[in-house]
Amino acid sequence: MKTGKEYEDSLRKLNLKVFLFGQRVENIVDDPAVRPSMNAVKLTYDLAHQPEYEDLMTATSHITGKKINRFTHIHQSTTDLVKKTKMGRLLGSLTGCCFQRCVGMDAINALSITTFNIDEKYQTSYYKRFLQYLEYVQEQDLVCDGAMTDPKGDRSLPPSRQPDPDAFLHVIAENDDGIVVRGAKAHQTGAVNSHEIIVMPTIAMREDDKDYAVSFALPADAEGISYIYGRQSCDMRKLEDGMIDRGNQHYGGHEALVVFDDVFVPWDRVFMCREYELAGELVEHFASYHRQSYACKAGVGDVLIGATQLAADYNGAEKASHVKDKIIEMNHLNETLFCGSLACAGEGGAKPSGTYCVSALLANVSKQNVTRFPYEIARLAQDIAGGLMVTCPSEQDLRNPETGKWIEKYYKTKTDVPTENRIRILRLIENLTLGTAAVGYLTESMHGAGSPQAQRIMISRLVNMEAKKNVAKKLCGIDQ
């Protein structure tokens with residue numbers, strides 16, 4: 001298993017084509033806009049070498065029997081699924097942001113199920129290819145970006161009827177050596193911190209869409225792949241002098257548009273090619289896993305709740321009954337998020353490939369809560385923090401002798417609380433609810449792993465309404 005330093009060094013060897021603020025970035029590892037997100041991924045490596053976290057952060061490979069980072073593991077039991085949930089909360093609480101490896105972990109687990117099923121149906125060899133690829137990922141301890149979301153173009157039209165055929169990534173040619181693909185994947189979390197890009201279809205397909213039913217993996221710096229780094233609220237603060245106004249001093253997340261401009265994929269890296277009947281299955285397995293993964297929001301919630309309590313303490317409002325009640329509500333909502341992820345893990349089961357998958361129904365219920373509760377937790381945090389969270393002068397003004405004395409004087413609360421500490425905790429709350437971290441904590445909670453309506457459709461499909469009606473009939477004496 002790599003150490004954090006070895007992971008960082010491995011990124012320096014990549015030749016990624018990354019664009020940020022209109023310029024190509026030659027050194028992504030040390031770029032101040034990108035570095036905080038790399039730090040968050042780096043922690044997933046370092047914790048795997050610390051004895052107190054070993055049980056959550058590592059697992060035993062079902063291929064080689066070696067100890068591996070859990071982010072490269074295929075779940076072999078419901079215990080593995082539960083540990084995944086607990087690992088997500090742990091890392092969310094230690095970074096206060098998205099740590100970017102869940103999508104790749106969920107992709108390899110979904111592929112381990114669907115490649116097996118494709119082979120069973122068509123007598124292909126995708127599963128064998130996948131296991132060989134997985135062993136490589138485990139041996140090298142790689143970060144994989146799970147790339148599912150297409151730009152989609154006109155949502156009223158299927159992939160094959162789009163005015164621009166590249167609105168969904170698709171196969172444009174094939175030969176004895178492999179396939180050539182064109183298109184893009186949007187909102188790709190942690191893409192420029194990844195060693196590998198694992199592409200999957202984004203929706204169920206019909207026969208007319210078969211060229212869009214494709215899954216494969218490529219090195220992140222493969223010829224023809226470009227990255228356009230996404231903007232985040234308050235992202236320019238990372239480029240300023242000083243640290244206080246960032247809120248989160250060390251960690252962050254990022255997203256990118258990943259463009260595939262006529263990219264060649266060798267056959268040994270292809271895991272689905274035109275088997276359109278199973279595209280929807282792959283999407284649903286991935287979505288279920290990824291909806292479980294939002295246990296990380298409970299970890300970030302731990303940070304926000306702690307910061308909110310400190311803000312109340314610093315203001316001298318910690319004993320007010322309404323503040324106490326709001327903090328209780330924040331904890332209630334946050335623990336409910338954690339319960340949902342644990343429940344879908346504990347109720348999971350084995351698929352024909354031997355891979356354990358979560359309960360799809362409970363995973364969708366869990367993610368539906370995630371689309372709502374963080375927003376309420378954030379609202380309560382802003383309520384308790386007060387208006388200074390968004391009107392506080394800059395760190396430069398605090399450091400300026402002419403203005404700093406007035407900031408120290410007029411933003412002072414308790415005599416034993418340094419004004420700077422009060423400002424620091426308010427900036428952290430701002431970061432989580434309005435700034436760069438709000439991308440991961442709020443908007444990603446809404447749209448990541450599918451929008452709220454996607455979960456509602458799945459809940460409607462998966463709930464056994466006939467069974468519910470039958471028990472009601474039985475209790476009131478209806479025979480038929």
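User: How do the residues lining the second largest cavity divide into nonpolar, polar and charged?

Analyst: Happy to take that one, with the reminder that this is a predicted model. The second largest cavity holds about 80 Å³ of space. Of the 13 residues that line the second largest cavity, Cys97, Gly252, Gly253, Thr436 and Ala437 are the closest to its centre. Glycine counts as polar here, and the lining divides into five nonpolar, seven polar and one charged.

User: Which residues lie nearest the centre of the largest cavity?

Analyst: Let's start with its volume, which is about 130 Å³. By class, its lining has three nonpolar, seven polar and five charged residues. The lining is made up of 15 residues, and those nearest the centre are Lys238, Arg246, Asn248, Asn431 and Thr436.

User: How many cavities of 30 Å³ or more does a search of the whole structure find?

Analyst: Good thing to check. Rolling a probe the size of a water molecule over the atoms reveals where empty space remains. With 30 Å³ as the lower limit, the search of the whole structure gives a count of eight.

User: Is aspartate 416 buried or exposed?

Analyst: First, its place in the chain: aspartate 416 sits in the loop between α14 (401–410) and α15 (419–433). Its relative accessibility is 63%, and the cut-off for exposed is over 50%. Therefore aspartate 416 counts as exposed.

User: What distance separates the C-alpha atoms of aspartate 416 and tyrosine 314?

Analyst: Along the chain, aspartate 416 and tyrosine 314 are 102 residues apart. In space, the separation of their C-alpha atoms is 9.0 Å.

Methods: Residues are numbered from 1 along each chain as its sequence is written. This is a predicted model: local features need pLDDT of at least 70, side-chain atom pairs count only at pLDDT 80 or more; totals for chains, interfaces and linings use all residues. Side-chain values use heavy atoms; hydrogens and water are left out. On a 1 Å grid over the protein atoms alone, a cavity is a set of points where a 1.4 Å probe fits but cannot get out, and a pocket is an open set with protein on both sides within 12 Å along at least five of seven lines; lining residues have an atom within 4 Å of a point. Grid points are joined across faces, edges and corners, and a volume is the space filled by probe spheres set on the points. Helices (H or I, at least four residues) and strands (E, at least two) are DSSP runs, numbered from the N terminus. Buried means under 20% relative accessible area, exposed over 50%, partly exposed in between (1.4 Å probe, protein chains only).
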